[in-house]
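This report describes the strands, helix and nonpolar cores of one protein model. The reader is invited to follow the description with the structure in view.

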Amino acid sequence: MKTFLIYLFSILFLTLIFHNCSFNDSTENLGDGYFYRNEGESIKDILCKKANGREIPATVLEYHYDDNFIIAKQKPKIPQDPLYDLDYKYNKGTNEYYYWIIVKDSNIVLGPLSIEEFNISRIKLKLPNNIKFN
C-alpha cells in the first residue's frame, strides 16, 4: 500500500508540475505566419512559421501590429538562443533597448534599430499612427 501511495503521489506531482508549466507558455497570432511567443521570463520573441531569419529575438518587451506591420521594442537576451537563424549584432551594447519593424507582405524585418533609426524607418515606410508604443 505504501508503494502504491508513493507511486500515486509521484504521478500527481509530475502532472501538477507539467500542467503549471503549460500555463506560463502562450502564443498570439500576429497574422501572415508571424506569432508572438511567451515562454516565461526570458523567452519572449516574435517568430515566423516561414522562418529564414524573419524573427525578433528575445526579449520582446512591447509589440503592436496591424494587417501590414509589426513593431517591437526589445532588450537583447544574452546569450542568444542557439535556435535563432541569425546571430544578431547590437551596436550600442546589450543593455540598451532596440526597435524592430516587420513588413508582413514582403517578409522584411528591420532591426535591431536605435530609436532614431526606428523613427526614420517609420516615416519612410509610412507606418500608420495607430501603431505606436505606449
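## The hairpin of β1 and β2

In the hairpin of β1 and β2, which residue takes a positive phi? The residue is Asp32, with a phi near 55°, and this hairpin has 2 residues between its strands. The model is a predicted one, and the description should be read accordingly.

Strand β1 covers residues 26–31 and strand β2 covers residues 34–38. The two are paired in the antiparallel sense, over 5 bridges. Within this pairing, Glu28 of the hairpin stands opposite Tyr36 in β2.

## The open sheet

Strands of a sheet pair through backbone hydrogen bonds, and the pairing may be parallel or antiparallel. In this model, an open sheet of 4 strands shows antiparallel pairing, in the order β4-β5-β6-β7. Its edge strands are β4 (60–65) and β7 (108–113), each of which pairs on one side only. From one strand to the next, the twist averages 15°.

At one edge, β4 and β5 run antiparallel and are joined by 5 bridges. A hairpin of 3 residues connects β4 to β5, and Tyr63 stands opposite Ala72 in β5. At the other edge, β6 (residues 98–103) pairs with β7 in the antiparallel sense over 4 bridges. Here Tyr99 stands opposite Leu113 in β7.

## The nonpolar cores

In soluble globular proteins, nonpolar side chains tend to be buried together. The largest nonpolar core of this model has 19 residues. Those that touch the most other members are Leu30, Ile46, Ile56, Val60, Tyr63, Ala72 and Trp100. At least two residues of this core come from each of β2, β3 (44–48), β4, β5 and β6.

A second, separate core has 10 residues, among them Phe69, Tyr99, Ile101 and Phe133. Ala72 is in contact with residues that include Ile46, Ile56, Val60, Glu62 and Tyr63, when its neighbours within four places in sequence are left aside. Its contacts also include Tyr98, Tyr99, Trp100 and Phe133. Ala72 of the largest core therefore touches Tyr99 and Phe133, which belong to the second core.

## Helix α2

Helix α2 spans residues 115–125 and lies across β5 (69–74), β6 and β7. The helix runs at about 20° to β6.

Which residues of α2 are buried? They are Phe118, Ser121 and Arg122. Because these residues cover an arc of only 105° around the axis, they lie on the same side of α2. The elements that cover the buried residues of α2 include β5, β6 and β7. On the other side of the helix, Ile123 and Lys124 are exposed. Just after α2, Lys126 takes a positive phi of about 55°.

## Lys89 in its loop

Lys89 is found in the loop between β5 and β6. Is this residue buried or exposed? Lys89 counts as exposed because its relative accessible area is 57%, and the cut-off for exposed is over 50%.

The side chain of Lys89 is joined to that of Asp87 by a polar contact of 2.8 Å. Lys89 and Gly111 are 22 residues apart in sequence, and their C-alpha atoms are 9.6 Å apart in space.

Terms used. Residues numbered from 1 in each chain as written. Predicted model: local features only at pLDDT ≥ 70, side-chain atom pairs only at ≥ 80, totals over all residues. Heavy atoms only, no water. Pairing = 2+ DSSP bridges. Axes fitted to C-alpha atoms, helices over the stretch in contact; angles between N-to-C directions. Contact = heavy atoms within 4.5 Å. Core = buried A, V, L, I, M, F, W, Y, C linked by side-chain atoms within 4.5 Å. Buried < 20%, exposed > 50% of the residue type's maximum accessible area, 1.4 Å probe, protein only. Arc of directions from axis to C-beta. Polar contact = N/O pair within 3.5 Å; in protein donor to acceptor, adjacent residues only side chain to side chain.
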